[in-house]
Structure formats: structure tokens, C-alpha cells
Amino acid sequence: GILVAALQGSTPPESPFPYHIPLDPEGTLELSWNVSYVQETVHFQLLVRELKAGVLFGMSDRGELENADLAVLWTDGDSAYFGDAWSDQKGQIHLDSQQDYQLLRAQRTPEGLSLLFKRPFGTCDPKDYFIEDGTVHLVYGILEEPVRSLEAINTSGLQTGLQRVQLLKPNISVPALPADLQTMEIRAPDILVPGQETTYWCYITKLPEGFSRHHIVMYEPIVTAGNEALVHHMEVFQCAAEFESFPAFSGPCDSKMKPERLNYCRHVLAAWALGAKAFYYPEEAGLAFGGPGSSRFLRLEVHYHNPLMITGRRDSSGIRLYYTATLRRFDAGIMELGLVYTPVMAIPPQEPAFVLTGYCTDKCTQLALPPSGIHIFASQLHTHLTGRKVVTVLARGGREREVVNRDDHYSPHFQEIRMLKKVVSVLPGDVLITSCTYNTEDRKLATVGGFGILEEMCVNYLHYYPQTQLELCKSAVDPGFLQKYFHLVNRFDSEQVCTCPQATVPEQFASVPWNSFNRQVLRALYGFAPISMHCNKSSAVRFQGEWNLQPLPEITSK
């Protein structure tokens with residue numbers, strides 16, 4: 001390791017660090033960073049508020065401290081050292097032969113020890129993590145006692161943890177904002193945060209009387225000072241216009257007291273997650289709200305993550321909307337891609353990486369999109385608990401053309417609306433293919449599609465303009481072909497699956513014996529059988545046409 005005193009490397013220009021995140025629940029480790037796409041480098045500044053004998057910081061595939069790529073600051077009691085290291089599958093730490101974390105500065109400040117270091121996105125070191133778009137699982141560990149050597153550290157004995165974040169933020173220049181910009185704060189009403197690990201808090205508020213149609217042009221988080229490590233994510237939804245009014249409510253979203261009607265407040269206006277900054281709409285588009293045909297009622301949902309079970313903490317966090325009465329040229333819209341919520345799409349148990357794919361077919365885009373197409377500027381990926389990767393690809397003329405959004409380290413616990421690095425245009429006749437990869441190694445039974453938290457979803461919410469009538473473009477395997485699969489299983493496995501009309505699909509999947517044959521055939525069925533398409537308008541009405549027994553889109557080149 002190198003002596004912290006003997007620092008090599010040039011210090012970067014005194015650039016501010018636009019992004020900040022607390023790493024541990026106590027907030028003793030605070031990370032700030034910036035991204036240079038020209039140098040393909042991330043500069044990190046790690047503030048250690050109460051340095052004991054050292055600290056580990058790094059990245060790993062899913063946030064585990066085994067097989068992690070680490071920067072380590074440690075002391076043997078006399079000298080302090082800094083080095084690029086890695087941990088093996090037992091959590092044992094080894095110094096890296098190639099030093100890719102470069103320490104630029106270590107200084108004591110009134111707040112604590114500040115470490116400035118940098119790391120390229122990609123190194124040619126097989127032990128190193130490749131920093132790419134999407135979610136990154138940051139890991140940390142706190143050394144309580146001096147160690148003889150780096151090799152003497154075993155991660156299993158340390159106070160450790162993880163934090164998920166999008167490291168590679170798009171370097172989008174801030175769009176011009178209108179002169180008549182107004183703001184509105186949708187925030188929790190000074191609530192007492194429950195002393196439990198997870199709370200989803202729901203609060204109903206309403207727009208002013210006679211609030212006319214406006215465009216939201218940006219929004220940003222408001223987090224109550226001191227609660228930065230508690231507030232995990234927040235969303236603002238608009239309620240359905242069908243109802244004249246919604247009851248007032250402020251309480252946990254899963255509370256028995258929550259009025260049933262709040263389930264009709266699902267139209268997303270804004271969403272923020274830890275580590276995200278302000279969200280901007282492109283200059284030519286805004287998200288419409290207010291005015292006739294839209295509800296005055298809004299629902300704020302705040303997810304508190306409180307692993308230390310802190311009690312007595314009050315919170316008024318929320319989201320600040322910036323909006324204008326001067327409507328922009330285009331309304332922005334939100335479209336759902338992926339799989340229909342149906343049990344016909346299922347994942348066998350004990351699968352490390354099972355892929356399900358949902359299509360938005362050329363037939364649907366041909367019918368529903370305007371001749372000049374639509375422009376996608378942001379995306380929010382969504383699965384339930386077993387989702388590990390999500391990607392949406394655009395295909396034109398049978399060839400995959402570009403990736404709309406990809407997250408190879410996706411986590412269901414970290415879902416944010418992400419601005420895309422480049423706007424993607426979709427033309428009539430294009431195909432959008434959304435694939436989710438699931439890990440069901442901890443499941444005993446098949447996991448079927450559906451709304452329940454133990455069921456699965458595969459969704460990409462696209463944010464685009466100009467708004468069209470197409471609100472949902474998703475698919476699922478044809479149910480008749482799935483029944484043929486169950487009949488086939490029975491011919492090989494002595495009639496274990498009930499194929500009588502009254503058997504439900506989840507019951508049928510639950511009785512499949514998951515041998516290698518039945519797994520492979522299900523995978524093959526999904527990659528070959530015709531699909532049922534949902535090409536829907538907002539009122540859940542399908543566009544005119546025949547949407548059942550549709551052929552899978554043919555993609556000749558990946």
C-alpha cells in the first residue's frame with residue numbers, strides 16, 4: 001500500500017461535487033462524486049466523520065462484501081495506508097496487483113477526514129468492477145481496530161453495509177426555464193416517522209380551487225434536514241378524474257384505516273430516489289396537470305428506510321414541483337412497456353437468471369404513433385422482489401437498433417425515473433422489446449406474474465413526447481399455448497398438472513415438477529409461442545384490431 005503522506009497524482013481542478021449520498025444509516029460516511037465522460041473517470045470524495053482505524057469503500061455486483069472491488073484506508077497503529085484491493089468469495093481482502101483507485105488528497109477537516117480519489121469507469125483488471133449506466137451497489141465497512149496488514153482484514157467481522165445509487169448521471173445541460181415559473185411543495189405534514197425498518201407513508205393533498213391546466217417543467221426533492229439517511233424514495237401521484245372527491249388521509253399506506261379509494265391515485269407526476277437531483281423536462285415538453293378532466297387530488301408517497309429503528313423523528317419531506325401557465329408545445333406522456341400482469345408468465349423456482357420478455361409490436365406502434373414518431377427522454381424500470389436486470393431495446397426492420405434503457409444491476413429496492421443520456425425516437429412500425437432477468441433461488445414454488453409482492457412484474461414506464469393515446473403496449477404468452485405446455489408436462493410426468501377448466505393457472509404452475517425438461521420447455525415456449533398483445537388507450541380500451549395469437553416479432557440481428 002502507499003503511505004497516505006506520500007500522495008501521488010495531480011489534484012483535479014477544484015470542481016464541486018454535484019452528487020451526495022449518506023452511505024451508512026448513522027451518516028458517519030458521506031460520499032460525494034462527479035463524473036467526467038471525457039476522461040471516463042469518476043472522482044469520489046469520501047467524508048469519514050469519526051475515523052476509527054480505517055474504512056473500506058467499493059462496489060460489487062449486488063452489494064455483497066464478497067467479490068467486491070475496494071479502496072481501503074487502514075492503519076497498523078503507526079502509519080496509515082491507502083490501496084486498491086479486492087475481496088474473494090470468503091470475504092478475505094487482497095491488495096490488487098493493479099492500482100486503479102488513485103488517492104489524490106487526504107485531509108483533516110473540521111467535519112472529519114476527507115479522502116479524494118478517482119477511478120476510471122473501466123479498467124482491464126479482471127478483479128475490478130466495470131462502472132456502467134444504471135444502478136451501482138456501493139459497499140462500505142468500518143475498521144474499529146488497527147490491523148497488521150491488509151490481508152489481516154476479514155470483512156465478516158466488520159460493521160458493513162450497502163447503498164444503491166446511479167453513479168453515471170447524464171450530463172444534460174439544464175433546459176431553459178420559463179419566466180413565469182411557479183412552485184408548489186407537496187410534502188408530508190410534519191409526521192412522526194414510525195420506529196420500524198420500512199414505512200410507506202401516504203398523504204392526500206389537493207390543488208387550489210379552480211387550478212387551470214399547467215405544465216410541470218421540473219421537480220426536485222425537499223428532504224428534512226437530518227433525515228437524509230431515512231428518506232429512501234418519494235412519489236407524487238394524481239388521483240383518477242372519475243371521482244368527484246377523495247378522503248383526506250395521512251398514514252402508513254398499508255394501514256387498515258387507509259380509504260379504499262386511494263388505490264385510484266396511480267397516475268405518476270413525479271418520482272425521486274436517493275442520490276437523484278432535480279428532474280427536468282425537455283424544453284419543448286411539459287407534464288400537464290390541473291384544469292378540466294383532471295383531478296384536483298394528489299397522493300404523496302414517501303418510503304422511509306429506518307434500519308436503526310429510530311423513534312421520535314419528525315419529517316416533512318416531499319417534492320417541489322416547478323410549473324408554468326404558459327403551456328409548452330408538447331404534452332409529455334407516460335407509456336407502459338413490458339409484460340401484462342398475468343399468471344401465464346411465470347418463473348420456475350431455483351433459477352439464477354431466468355429471462356421473460358414483453359413486446360410492443362410493430363402492428364401497435366404503426367396504429368398508435370404519429371407519423372413523425374415519439375421521443376423518449378426518461379424511463380423508470382419496475383419489477384418485484386426477484387428482478388435482477390431490465391433492458392428495453394428498439395428494433396426497426398427486424399434489426400435491434402439501440403438500447404432505450406438498460407440496468408444490469410437493477411434492484412427492486414431502488415426505482416427512480418432516470419433521464420436518458422440521449423433521446424430515443426420511436427417511429428410507427430418500430431418494435432420495443434423489454435426483457436427482465438429474475439433470480440428465484442430462494443423460492444420453493446413457481447413465481448407467477450401479478451400484482452402481489454410475491455408475484456412478478458416486468459415494466460418500463462417510458463416518459464416521452466408528444467403524448468399519444470397509447471398508454472400501454474405490453475404482451476403475454478397466448479393462454480391456449482400455455483395449456484398445451486401443461487398437457488405436454490403431463491405426458492412426461494404422469495398427469496400431475498390438473499388441466500380441467502376450473503384449475504387456475506397459478507395452481508397449475510404450483511403442481512409442475514420442476515425437472516430440467518419442464519424448465520427448458522417453458523423457456524422454449526416463451527421464446528416461440530404466439531403472444532396476446534395489449535395495445536391500450538388510457539381508458540383500458542384496446543385499439544381496434546385483432547390482438548390475440550400474434551406472432552412474436554422476428555429479430556434477425558441483435
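A salt bridge is taken here as a side-chain nitrogen of Lys or Arg within 4 Å of a carboxyl oxygen of Asp or Glu. By this rule, the predicted model contains 19 salt bridges. One of them brings together the side chains of R320 and E185, with N to O at 2.9 Å. R320 belongs to strand 24 (residues 318-324) and E185 to strand 13 (residues 182-187), so this contact ties together parts of the chain that are 135 residues apart in sequence. E185 is partly exposed, at 37% relative accessibility. The contact also has company: salt bridges with shared partners join E185, R187, E220 and R320 into one network.

A second salt bridge worth a look in the viewer is formed by the side chains of R519 and E351, again described by an N to O distance, here 2.9 Å. R519 sits in helix 4 (residues 516-526), while E351 sits in the loop between strand 27 (346-347) and strand 28 (354-360), so the pair ties together parts that are 168 residues apart in sequence. Both R519 and E351 are buried. A third salt bridge is that of E402 with K422, whose closest N and O atoms are 2.7 Å apart. Here E402 comes from strand 31 (residues 399-407) and K422 from strand 32 (residues 418-426), and the pair links distant parts of the chain, 20 residues apart. E402 has a relative accessible area of 24% and is partly exposed.

Attention then turns to the cysteines. A disulfide is a covalent bond between the sulfur atoms of two cysteines. A search of the whole structure finds six disulfides. With the bonded cysteines counted along the chain, their pattern is 1-3, 2-4, 5-9, 6-12, 7-8, 10-11. In one of these disulfides, C202 is joined to C253 with an S to S distance of 2.1 Å. The link of C202 and C253 is right-handed, with 105° about the S-S bond. Distant parts of the chain are linked by this pair, since C202 is in strand 15 (residues 198-206) and C253 is in the loop between strand 18 (250-252) and strand 19 (267-273), 51 residues apart. Both C202 and C253 are buried.

Another disulfide joins C436 to C458, with S to S at 2.0 Å. The link of C436 and C458 is right-handed too, with 85° about the S-S bond. C436 lies in strand 33 (residues 431-438) and C458 in the loop between strand 34 and strand 35, and this pair links distant parts of the chain, 22 residues apart. C436 is buried, with a relative accessible area of 0%, and C458 is likewise buried, at 0% relative accessibility.

The disulfide of C498 and C500 has an S to S distance of 2.4 Å. The link of C498 and C500 is right-handed, with 70° about the S-S bond. C498 is partly exposed, with a relative accessible area of 36%, and C500 is also partly exposed, at 29% relative accessibility.

Aromatic side chains add a further set of contacts. The structure holds 24 aromatic pairs. Among them, the rings of F82 and F117 have their centres 5.8 Å apart and their planes at 50°, so the pair is tilted. F82 is in strand 7 (residues 80-87) and F117 in strand 10 (residues 112-120), so the pair ties together parts that are 35 residues apart in sequence. F82 is buried, at 3% relative accessibility, as is F117, at 1%. Elsewhere, Y219, F279, Y281, F330, F377 and Y465 form one aromatic cluster.

An annotation gives a frame for part of the chain. In UniProt, an unreviewed entry carries the annotation "domain: DOMON" over residues 27-143. In the model, the chain over residues 27-143 is 0% helix and 57% strand, and its end C-alpha atoms are 16 Å apart.

Finally, the surface offers a nonpolar feature. L385, I453 and L454 form a nonpolar patch there, with about 280 Å² of accessible area together. L454 is placed in the loop between strand 34 (447-448) and strand 35 (459-465). With a relative accessible area of 57%, L454 is exposed.

Notes
Residues are numbered from 1 along each chain as its sequence is written. This is a predicted model: local features need pLDDT of at least 70, side-chain atom pairs count only at pLDDT 80 or more; totals for chains, interfaces and linings use all residues. Side-chain values use heavy atoms; hydrogens and water are left out. Helices (H or I, at least four residues) and strands (E, at least two) are DSSP runs, numbered from the N terminus. Buried means under 20% relative accessible area, exposed over 50%, partly exposed in between (1.4 Å probe, protein chains only). UniProt positions are given in the numbering used here, feature names are shortened, and annotations may be inferred rather than shown by experiment. Patches are made of residues with over 30% relative accessible area and no salt bridge: like charges are joined within 9 Å, nonpolar side chains (Val, Leu, Ile, Met, Phe, Trp, Tyr) within 5 Å. Accessible areas come from the Shrake-Rupley method with a 1.4 Å probe; for residues, only the protein chains shown count as cover. A disulfide is a pair of cysteine sulfur atoms within 2.5 Å. Rings of Phe, Tyr and Trp (its six-membered ring) pair if their centres lie within 6.5 Å; planes under 30 degrees apart count as stacked, over 60 as edge-to-face and the rest as tilted.
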